[in-house]
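Here is a short report on one protein chain. It covers burial, strand pairing, helices, cores and salt bridges.

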Amino acid sequence: MRKTLLLLAFLANLGAACIARTPFPPDTLPGKPYAFPIDDQFRETDLHGYLYAFSTVDSNLRIQDILSKKLPFTVLERLIPHFGNDHRYHWIRATIINNGTQVNQLVSYLHQNELSDIAFYIVNDENEVTYQQEHFSQRTYINQKPIITRYFAFPVDIRPQQEVTIYWRVFRDENSVILPFKLYQRNAFHAFLVTYDSLAFISLGVILSAFLLSFILFFVTKYKLLIYYAGYCLFYFILCIANDGIILQYFHIDPFEIAIGVRLVTTGLMMYFLLQFSRYFLSADHLLWRWVVKTAKYLAYILPVLSIAIAVLSLNTLFVSIFFLMGMFSIILIFVMIIVGMIHRKRAAYFYFIAAGPYFASCIWFALIILFGVPTTWFYYTSILYIPIIEMVVLGIELGNRLIRERDKYYRGLNDLQRELTSSILKTQDAERRRIAADLHDELGGTLATIRLKFASLKRGLYLRENIAQPEMQDVEEIEPLIHKSSNDLRRISQTLMPPEFERIGLAGSIKHVVDSLSAHNAKFTFLTAGEKRNLYTEKELAIYRITTEMVQYICRRDQVSRGSAQLLYCDEHLRVVIEADEKIGSVTKTDEIVRKDLSSYSLLVNYLDGNFYLEVSHSGIFIIAEIPY
């Protein structure tokens, strides 16, 4: 069995060795280096395996010295050449041969603009320099470059069967040296530039729009989360336009002259707002351990302070490495917040994971590139264009939803407060009605009964007298009906305030009793009921009773009302109260305003019962509907 496994392992290694690319040896042997072949169908290549490098501290080394001396160029094994913090002059060489039948117009492109000195040369197969450009740097304006781009690109024209060698001399006096080279056919390069710039400016537009919208909404809502998001978007935007060369190339503002390490300071401030935003967005203070929350708070303040100290005091690369380590730890801490939020099934955590996952991955990847020289790929550079769009759109959707939810929560709280206030008012009114009804019935009713008895005794005594004048007897006869009317009105008002037999005769019976009693003294009113009767709880029925009877009484008190009706309709989902009155109305607008004002308390009571109130005033009368759910 062991022999079989060893045989399989040997065959696997042999197969891998057969299909693997033969390693390119150091270019120290006589003869020409490997040449990359192109034809008429060529579009682009990263020249992986065909790039050779030589590094030197000699800044005076010229292209003629390179061509005349046998220098130890070695092949670059990585897809994206990475020299770390090697601040020497790096000579990069690639040989190209045109196997096509036409002149190939190419572009040698370096997707990096943060370089201190750039030189480019083309050497033909006779070791003659046919094209050279020198002393380009990150401060070179776009209109001074042979090809209009924020990065570095130079034309390379190759005749059929011609072989040329291109040389780049690259120097960077600070930070890590990463050189993403590519070779394009001229038209393919322009198509790439259009696509890249379009996506870049769309991404910047999304970030800037997110900043402006969040900043404006903060002043409207005073929602602290929005100012943290706005600050994060602002410094993210500044960092992007600084790194992409837009500030220098289009506005001729050199960020490197404003402050040493301006991007470091911008990154520190961006991390402050990002940490604060993450804490509030994910409600991390309530989910994580206290020491984790304190760590996030301290990092939020330490990072910008450290970045400013590095920039102002020109601290060495050790402090820069510490800054990036702390930044990477902050990103990991935010990622922990997201995971904890997802464990607690927080909606915001899922959105944050979708939005910021690619961004966090790119940040950690960048930190690993700077600290440990982890290889970079073209996917890393191109993904930078899509990350802001994904992040801002997804976070914007969740922030918008959160604002809507906060608004709804505020209105619900306001409605609950209003309902509590209305309920308190109604309970107070109900207690006051009960007290007034009791006082009217017990005290004033007793007083009127005593007056009736006294008056009856006085009347009998007057009739026994023989000399009483006829006008005086007539006055006595007129007083007695008034006393009876006062007693009846008192009884009716008392019953309206608190019907004594409400629970026995029910809602419809109580309303009918009031309507019938009003019709005997005022305009002719009829009461109708329809539908299958449903029982509501007593407090709700009592509220409907008051709404109906008091609106009917209000309508009856109007001078021009001739007749009307009150209807109690039991519908499927709600109880509908309909009050109609025939009245000749001159000014509809003025009457509508008066009636709405007079009935506003009843409308409020209907709304308290989660119902709907409708009022319509026309020249022929008034129409009122109150729909109250069961």
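A residue counts as buried when its relative accessible area is under 20%, and as exposed when that area is over 50%. By that cut-off, Arg 558 is buried, and Glu 583 is buried too. The model is predicted.

**A buried pair of charges**

Arg 558 and Glu 583 form a salt bridge, with their closest N and O atoms 3.0 Å apart. Arg 558 lies in the loop between α15 (538-556) and β15 (561-570), and Glu 583 lies in strand β16 (residues 574-583), so the pair ties together parts that are 25 residues apart in sequence.

**Other salt bridges**

The whole structure holds 16 salt bridges. Three of them are tabulated here.

| Pair | Closest N to O distance |
|---|---|
| Arg 279 and Asp 285 | 2.8 Å |
| Arg 558 and Glu 583 | 3.0 Å |
| Arg 596 and Asp 592 | 2.9 Å |

Is Arg 279 buried or exposed? Arg 279 counts as buried because its relative accessibility is 6%. Its partner Asp 285 has a relative accessibility of 36%, so Asp 285 counts as partly exposed.

The Arg 596 and Asp 592 pair sits within helix α16 (residues 588-598). The two are four residues apart there, so about one helical turn separates them. Arg 596 counts as partly exposed, because its relative accessibility is 41%. Elsewhere, Arg 347, Glu 398 and Arg 405 are joined into one network by salt bridges that share partners.

**Strand β11 and its neighbours**

Strand β11 spans residues 163-171, and nine of its nine residues are buried. Glu 163, Thr 165, Tyr 167, Arg 169 and Phe 171 point one way from the strand. Val 164, Ile 166, Trp 168 and Val 170 point the other way.

Which strands pair with β11? One is β6 (residues 89-98), which runs antiparallel to β11 and is joined to it by eight bridges. In that pairing, His 90 has Val 170 as its bridge partner. The other is β8 (residues 117-123), also antiparallel, with seven bridges. Here Phe 120 is partnered with Trp 168.

**Helical spans**

An unreviewed UniProt entry annotates several stretches as "transmembrane region", including residues 322-343 and 378-397. In the model, residues 322-343 are 100% helix and 0% strand, with end C-alpha atoms 31 Å apart. Residues 378-397 are likewise 100% helix and 0% strand, and their end C-alpha atoms lie 30 Å apart.

Helix α10 (residues 317-343) has 27 residues. From its first C-alpha to its last, α10 reaches 39 Å, close to the 39 Å expected at 1.5 Å a residue. Just after α10, Arg 345 takes a positive phi of about 55°.

**Nonpolar cores**

The largest nonpolar core has 62 residues. Within this core, Tyr 232 and Tyr 352 have the most contacts. Helix α4 (residues 224-243) gives the most to this core, with 13 residues. Apart from this core lies another, of 41 residues, among them Phe 527, Leu 542, Ile 585 and Phe 613.

What does Tyr 352 touch, not counting residues up to four places away in sequence? Its contacts include Leu 274, Phe 277, Phe 281 and Leu 282. Ile 334, Ile 338, Phe 360 and Leu 395 are also among them. Tyr 352 touches Ser 278 and Gly 357 as well.

Definitions and conventions: Residues are numbered from 1 along each chain as its sequence is written. This is a predicted model: local features need pLDDT of at least 70, side-chain atom pairs count only at pLDDT 80 or more; totals for chains, interfaces and linings use all residues. Side-chain values use heavy atoms; hydrogens and water are left out. Buried means under 20% relative accessible area, exposed over 50%, partly exposed in between (1.4 Å probe, protein chains only). Two strands pair if DSSP finds at least two bridges between them. UniProt positions are given in the numbering used here, feature names are shortened, and annotations may be inferred rather than shown by experiment. The expected span of a helix is 1.5 Å times one less than its number of residues. A nonpolar core is a set of buried Ala, Val, Leu, Ile, Met, Phe, Trp, Tyr and Cys residues joined through side-chain atoms within 4.5 Å. Contact means heavy atoms within 4.5 Å. A salt bridge is a side-chain nitrogen of Lys or Arg within 4 Å of a carboxyl oxygen of Asp or Glu.
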